Each structure stands twice: as structure tokens, then as C-alpha cells.
Amino acid sequence: MSKKAIFITTFFAFLIVFYIMTIPKDYFLSKNYTFTDAEITDIICAKNNGAEYKFTVNGSTYSGRDWIDKPKCTSLEPGDNILVWYSVDKPNFNTLYQPQSDAMQGDLIFGLLASLFLGAAFSWLFRKRSQ
């Protein structure tokens, strides 16, 4: 397989994975969102400053996990309330930070740059390995 083919394959593979993981959430959150109180169910400060939470919309319970800054992470405990923003159309798309209308654009740029870098890196590694 040529270096160019490896690069193109890797580029599109990472771009597709990135899209599946990030873009739909940002798209729905940037279009039509609102917020409500959520209950913290778990705090993960030691590893990655994260919080797990649950909230109710129209009688259905949803859950999520998001990063929070270190001072906030150490001050929260399970059972505490926190604001969560969610998509009105799909509440399973939610975050602890107010969505930005330009977030999707930033994610697209990051995804393209990361895919370019990873495509080049895998091409270089494969070429080195096959020599």
C-alpha cells in the first residue's frame, strides 16, 4: 500500500470516528438548547476531573458525564445539584457548559487538523516499518 493511500485511509477513518463522537452532540446543542438542574451521581476528581449526573425532562430521566474544573470538582459531592444544558430535541445530548453556537466550527477545525496529523503519523510509521 502506498504512503498516499495509507494517509488518505487514515485521514478519513479518524475524521469519521471524530464526527460520530462529537459533531452530532454539538449540532443538536447549538441549535436549540435549554437548561435544568441535574443531580450529581458520581465525582471523578482523582483521574480526570469529571462528574456524572442525571436529570429529568418531561418525565424521562437522562444521564451524562462531563469534565469540570478542579476547584469545582473537589467542592461537589454526589447528591449536589448542578446546571446541565441539553438539547430540546434530544435531551441525551447534554453538557455542564453552556453550548456555543460556534462550537461545531471549532470542533470541525480540530477534527480536520487531528485527522491530518494522525494520517501523516500513521503513513510515516507504516513506511518506517515496511523498510
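1. The fold centres on one sheet. Five strands make up an open sheet, ordered 3-2-1-4-5, with antiparallel pairing. Its edges are strand 3 (60-67) and strand 5 (94-95), each of which pairs on one side only. The model is predicted, and every point below should be read with that in mind.

2. Strand 1 and strand 2. Strand 1 covers residues 33-44 and strand 2 covers residues 50-57; the two run antiparallel and are joined by five bridges. One residue to look at here is Ile43, whose bridge partner in strand 2 is Ala51.

3. Strand 2 and strand 3. These two strands also run antiparallel, and eight bridges join them. Thr56 has Thr61 of strand 3 as its bridge partner. The two strands form a hairpin with two residues between them. In the turn, Asn58 has a positive phi of about 50 degrees.

4. The nonpolar core. Which residues have the most contacts inside the largest nonpolar core? They are Ile43, Phe55 and Leu96, in a core of 15 residues. At least two residues of this core come from each of strand 1, strand 2 and strand 4 (81-87). Strand 2 gives the most, supplying four residues.

5. The surroundings of Ile43. This residue has Ala51 as its bridge partner in strand 2, and it is among the residues with the most contacts inside the largest core. Leaving aside neighbours within four places in sequence, Ile43 is in contact with Gly50 and Ala51, and also with Cys73, Leu76, Glu77 and Pro78.

6. Aromatic residues. There are four aromatic pairs in the structure. Tyr53, Phe55, Tyr62 and Tyr86 belong to one aromatic cluster. Phe55 therefore deserves a second look: besides its place in this cluster, Phe55 is named with Ile43 and Leu96 for having the most contacts inside the largest nonpolar core.

7. Asp66. Is this residue of strand 3 buried or exposed? Asp66 has 11% relative accessibility, and because the cut-off for buried is under 20%, Asp66 counts as buried. Its side chain makes a polar contact with the side chain of Thr95, at 2.5 Å. Not counting residues up to four places away in sequence, Asp66 touches Asn49, Gly50, Ala51 and Tyr53, together with Thr95, Leu96 and Tyr97.

8. Shared neighbours. Gly50 and Ala51 are in contact with Ile43, and Asp66 touches Gly50 and Ala51 as well. Asp66 also touches Tyr53, a member of the aromatic cluster, and Leu96, one of the residues with the most contacts inside the largest nonpolar core.

Technical notes: Residues numbered from 1 in each chain as written. Predicted model: local features only at pLDDT ≥ 70, side-chain atom pairs only at ≥ 80, totals over all residues. Heavy atoms only, no water. Pairing = 2+ DSSP bridges. Phe/Tyr/Trp six-rings, centres within 6.5 Å; stacked < 30°, edge-to-face > 60°. Core = buried A, V, L, I, M, F, W, Y, C linked by side-chain atoms within 4.5 Å. Buried < 20%, exposed > 50% of the residue type's maximum accessible area, 1.4 Å probe, protein only. Contact = heavy atoms within 4.5 Å. Polar contact = N/O pair within 3.5 Å; in protein donor to acceptor, adjacent residues only side chain to side chain.
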